[in-house]
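Biologist: I've got a model open and some words I'd like explained. Can we go through them together?

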Amino acid sequence: MCTSPHPFARQIYARLLEKNLGDPGLFPASAEIEREAVQMLGLLLSHPGAVGHIVSGGTEANILAMWMARNLHNNRCNEVVAPQSVHLSFEKAADLLNLKLVKVKLDDNFRMDLEDAQRRISDKTCALVGVAGTTGLGVVDPIAELSELSLSHNVTLHVDAAFGGFVLPFLRELDFDVPDFDFRQPGVSSVTIDAHKMGLAPIPAGGILFRDAGMMKAVSKRVSYLAGGETEQTTLVGTRPGASSLAVWALLKHMGREGYRKTAKRCMQMTLKLASGIEQINGLRLVTRPTLNIVGIKSEEPSTELLAQTLRRRGWAVALFPSHIRIVVMPHVTASHIDVFLEDLNDAVKKLKSRKGI
Ligand SMILES: Cc1ncc(COP(=O)(O)O)c(C=O)c1O
């Protein structure tokens, strides 16, 4: 889900290696740039007043969101209700924070099943989680309905848009059919959005946004030993790279909405080309129509697993999920990559079938 960082962001990052956001008193300009970068991300997610941080990635962002949710409820509850498709980082968060992850089944479209979600919410629930761009299929959970559920049960709603955050707002502007997934929905308390995925930023650059400062305060710790003077930290790590925030800030200005819109459009064009090519290969099928630039492939014969192994041996970096192959069509993918891949995929399927005499 990462790509070759944008050359401009590489330059910025390489020139600012000494900046440490763990000590904002010593690097006040970096701290200001981080605030502005977060504000720009907030604007992208329909809430310019959002607060938060540029962090090490989606995992840290999701852990911070769960930490906030647990503390906000004063440890009165310890359950997190999340879809089965939720990223592994929530297992880590649950383990670290002594929370119980309650998994909700998926509906026929691989989205969180609302009836099952409703059944699993109880007075022990402190947070609901929805995903805007699942790791396996790029599917978007019904965030508007989850927002209503969160408000009526007085629990926080975190949206993991680690992947979708840098695609969905631009697809919306391009008139794709994009469901509401961000702070527009009043129940949404926090959102993860990773610049080092579709934002083209150098690794590490994740993002965590909270609706208001009171929420972020729930994880705040005072630090008194720093050279820049006493401060408050609201991140998991202490010392952290200012270069990441500066690269994200510069890239948001440099690319602008127009730049990211073009990238999202091209990725979707490549994705649809790939999807229709896959549908024409005998024996393969799509798990679901792509919402984002992620394609899931299923194969009966040869088995999905054998096909994935064969593709990897042929040099294709495909990911294997329990019942499908995942391909993420990142911005460095060209039309000729898709043509060559489809040819090779077709050839691999034919050879594996003929070996079995099918
Ligand atoms: C939906 C989602 N959330 C969180 C993460 C974790 O991100 P990171 O690897 O940057 O920690 C991923 C990674 O693939 C993801 O797909």
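Modeller: Sure, let's take the ligand and then the sheet. This is a predicted model, so local features need pLDDT of at least 70 and side-chain atom pairs count only at pLDDT 80 or more, while totals for chains, interfaces and linings use all residues. Residues are numbered from 1 along each chain as its sequence is written, and side-chain values use heavy atoms, with hydrogens and water left out.

Biologist: What makes K197 a polar contact of the ligand?

Modeller: A polar contact is a pair of N or O atoms within 3.5 Å (within protein, one must be able to donate a hydrogen and the other to accept it, and residues adjacent in sequence count only if both atoms are side-chain atoms). A polar side-chain atom of K197 lies 2.8 Å from a ligand oxygen, so the pair meets the cut-off. T135 offers a side-chain N or O atom 2.9 Å from a ligand oxygen, so that pair counts as well.

Biologist: How many residues surround the ligand?

Modeller: There are 13, with T59, T135, D160, H196 and K197 the closest. Being near means that a heavy atom of the residue lies within 4 Å.

Biologist: Why is one side of β1 and of β3 left without a neighbour in the sheet?

Modeller: Strands are DSSP runs (E, at least two residues), numbered from the N terminus, and two pair if DSSP finds at least two bridges between them. The open sheet runs β1-β7-β6-β5-β4-β2-β3. β1 and β3 stand at its edges with a single partner strand each, so one side of each has no neighbour there.

Biologist: How do you know that β2 and β3 pair?

Modeller: Five bridges join them, so they meet the requirement of at least two.

Notes. Helix = DSSP H or I, 4+ residues; strand = E, 2+ residues; numbered from the N terminus.
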